[in-house]
Amino acid sequence: FTKDLGGLAGAVDEFEPFGSTSLYDAAAAAARRLADRSAAHKALIVLTDGTDTSSSLTASEVSGLASSIAVPVYVVATVPSLDQRAMMEAADRGGQSEAADLRDLAAWTGGQLVFASSFTETGVAASKLVNEVRQQYVLAIEAAATREWRRLDVRVKRPSSVVKARSGYFGG
């Protein structure tokens with residue numbers, strides 16, 4: 001957690017891949033820690049190869065958690081171009097795939113999934129997402145009293161505006 005974005009510039013170079021990946025467990029833990037902070041703009045940006053090999057939580061469980069504590073999850077998946085196409089085709093066919101899980105994790109929390117196939121694309125994608133987080137607004141609504149999933153549709157009058165919002169919330 002930092003407000004010093006300049007200090008993050010070379011941070012990706014310091015990562016050393018090893019062992020198994022608990023992507024969803026790590027995202028849930030980071031979302032919980034972020035929820036406890038009093039920042040004006042809260043979001044979780046996940047840089048991943050898209051593969052989870054050892055989480056105890058599923059993508060949908062993490063989506064529910066992040067949505068319930070109002071933390072959008074943005075995912076930058078560093079996947080070769082050929083694999084991106086195959087992953088998204090499987091997701092679009094309704095099959096279980098890492099892309100479908102990552103897309104749902106991002107969409108259900110009001111975040112976004114983007115792919116990057118090179119170090120340069122990864123940096124550009126992360127920078128765009130950080131800029132998007134800076135442009136966020138918070139809308140407050142009176143939540144339903146019953147503990148159930150409620151669909152949410154946010155619209156604006158200006159047709160040229162782009163609205164990104166989570167798809168719903170848990171009432172109660």
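**Exercise 1. Helix 2**

Task: In this predicted model, find which residues of helix 2 are buried, and state which phi Ala70 takes just after the helix.

Solution. Start with the helix itself: Ala59, Val62, Ser63, Leu65, Ala66 and Ser67 are buried in helix 2. Then go on to the segment that follows. Just after helix 2, Ala70 has a positive phi of about 55°.

**Exercise 2. The largest nonpolar core**

Task: Determine which residues of the largest nonpolar core touch the most other members, and which elements give two or more residues to this core.

Solution. The largest nonpolar core has 22 residues, and those touching the most other members are Tyr24, Leu44, Val73, Val75 and Leu102. Next, assign the core to elements. Two or more residues come from each of helix 1 (23-35), strand 1 (44-48), helix 2 (59-68), strand 2 (73-78) and helix 4 (98-109). Helix 1 gives the most, with 6 residues.

Now take Tyr24 and leave aside its neighbours within four places in sequence. Tyr24 is then in contact with Asp52, Ser55, Leu57, Thr58, Ala59, Val62, Asp101, Leu102 and Leu105. Apart from the largest core lies another core, of 7 residues, including Val114, Ala116, Leu129 and Val133.

**Exercise 3. The sheet**

Task: Establish the strand order of the open sheet and explain why strand 1 and strand 3 each have one side without a neighbour in the sheet.

Solution. First, the order: the open sheet has 3 strands, arranged 1-2-3, and the pairing is parallel. Second, the edges: strand 1 and strand 3 (112-116) each have a single partner strand, so one side of each is left without a neighbour in the sheet. Third, the twist: on average, neighbouring strands of this sheet are turned by 15° against each other, direction ignored.

For the pairing of strand 1 with strand 2, count the bridges: there are 5, in the parallel sense. Val46 stands opposite Val75 in strand 2.

**Exercise 4. Helix 5 and Thr122**

Task: Place helix 5 relative to the strands, then decide whether Thr122 is buried or exposed and list what Thr122 touches beyond four places in sequence.

Solution. Helix 5 lies across strand 1, strand 2 and strand 3, and runs at about 170° to strand 2. Thr122 belongs to this helix, which covers residues 119-134. The relative accessible area of Thr122 is 8%, and the cut-off for buried is under 20%, so Thr122 is buried. Not counting residues up to four places away in sequence, Thr122 touches Leu47, Val76, Thr78 and Ala116.

Conventions. Residues are numbered from 1 along each chain as its sequence is written. This is a predicted model: local features need pLDDT of at least 70, side-chain atom pairs count only at pLDDT 80 or more; totals for chains, interfaces and linings use all residues. Side-chain values use heavy atoms; hydrogens and water are left out. A nonpolar core is a set of buried Ala, Val, Leu, Ile, Met, Phe, Trp, Tyr and Cys residues joined through side-chain atoms within 4.5 Å. Buried means under 20% relative accessible area, exposed over 50%, partly exposed in between (1.4 Å probe, protein chains only). Helices (H or I, at least four residues) and strands (E, at least two) are DSSP runs, numbered from the N terminus. Contact means heavy atoms within 4.5 Å. Two strands pair if DSSP finds at least two bridges between them. Axes are lines fitted to C-alpha atoms, for helices over the stretch in contact, and angles run from 0 to 180 degrees between N-to-C directions.
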